[in-house]
Amino acid sequence: MTNTLDHWVSVGPINRLKREKRSIFRFQQKQVLLLWMNEQFFAIDNKCPHQGFPLESGSIDFENFNITCPYHNWSFDLISGKCLFNTACLSAYPLEIREGNLWIQMTG
Ligand code: FES
């Protein structure tokens, strides 16, 4: 079930999201890739800004918090969403944990 409050949307229980490690959250027309790694959650667009392919099967650099698109190897910072090689950028969403649930701030 999804609840909204000032653009904050409940994604689900953190225990389930931690088990899944990678999951997709759909909200309106957007697909958000949720990642649990290094004891942190990250939320980014699941749509590569290069040619629009999904990032969900991209390889992750756990030390530098990057994800690399499996199609043409563009890499993105998981915190800022910025591409490491050019000016492209994807949305990286603010997250909060409230009473055992993960909430995401849907912007833009
Ligand atoms: S679609 Fe992601 S790098 Fe080309």
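Here are four short exercises, each with a worked solution, on the predicted model shown above.

**Exercise 1. Follow the hairpin**

Find how strand 3 and strand 4 pair, and which residue in their hairpin takes a positive phi.

*Solution.*
- Start with the pairing: strand 3 and strand 4 run antiparallel to one another and share six bridges.
- Pick out one pair of residues in it: F25 sits opposite V32 of strand 4.
- Now move to the turn, where two residues lie between the strands. Q28 is the residue with the positive phi, near 50°.
- Finally, look at the two faces of strand 3. S23, F25 and F27 make up the covered face, while R22, I24 and R26 make up the uncovered one.

**Exercise 2. Place Q29**

Decide whether Q29 is buried or exposed, and work out where it lies.

*Solution.*
- Locate the residue: Q29 belongs to the loop that links strand 3 (22–27) to strand 4 (30–37).
- Next, take its relative accessibility, which is 79%. Exposed means over 50%, so Q29 counts as exposed.
- For a sense of distance, compare Q29 with K18: they are eleven residues apart in sequence, and their C-alpha atoms are 24 Å apart in space.

**Exercise 3. Read the three-stranded sheet**

Work out the strand order of the open sheet of three strands and name its edge strands.

*Solution.*
- Begin with the order, which is 6-7-8, with antiparallel pairing.
- Then find the edges: strand 6 (59–61) and strand 8 (75–77) each pair on one side only.
- Add the twist: on average, neighbouring strands in this sheet are turned by 25° against each other, direction ignored.
- Zoom in on strand 7 (residues 66–68), which pairs with strand 8 in the antiparallel sense through three bridges. Here T68 has S75 of strand 8 as its bridge partner.

**Exercise 4. Explore the nonpolar cores**

Find which residues have the most contacts inside the largest nonpolar core, and which strand gives the most to it.

*Solution.*
- A general idea helps first: in soluble globular proteins, nonpolar side chains tend to be buried together.
- In this model, the largest nonpolar core has 16 residues, and I44, L55, I67, F76 and L78 have the most contacts inside it.
- Strand 4 and strand 5 (40–45) each supply at least two residues of this core, and strand 4 gives the most, with three.
- Take L78 as an example: leaving aside residues up to four places away in sequence, L78 touches L35, M37, F42, I44, F65, N66, I67 and A92.
- One more step: a second, separate core has 15 residues, including F27, W36, F41 and M106.

Conventions: Residues numbered from 1 in each chain as written. Predicted model: local features only at pLDDT ≥ 70, side-chain atom pairs only at ≥ 80, totals over all residues. Heavy atoms only, no water. Helix = DSSP H or I, 4+ residues; strand = E, 2+ residues; numbered from the N terminus. Buried < 20%, exposed > 50% of the residue type's maximum accessible area, 1.4 Å probe, protein only. Pairing = 2+ DSSP bridges. Axes fitted to C-alpha atoms, helices over the stretch in contact; angles between N-to-C directions. Core = buried A, V, L, I, M, F, W, Y, C linked by side-chain atoms within 4.5 Å. Contact = heavy atoms within 4.5 Å.
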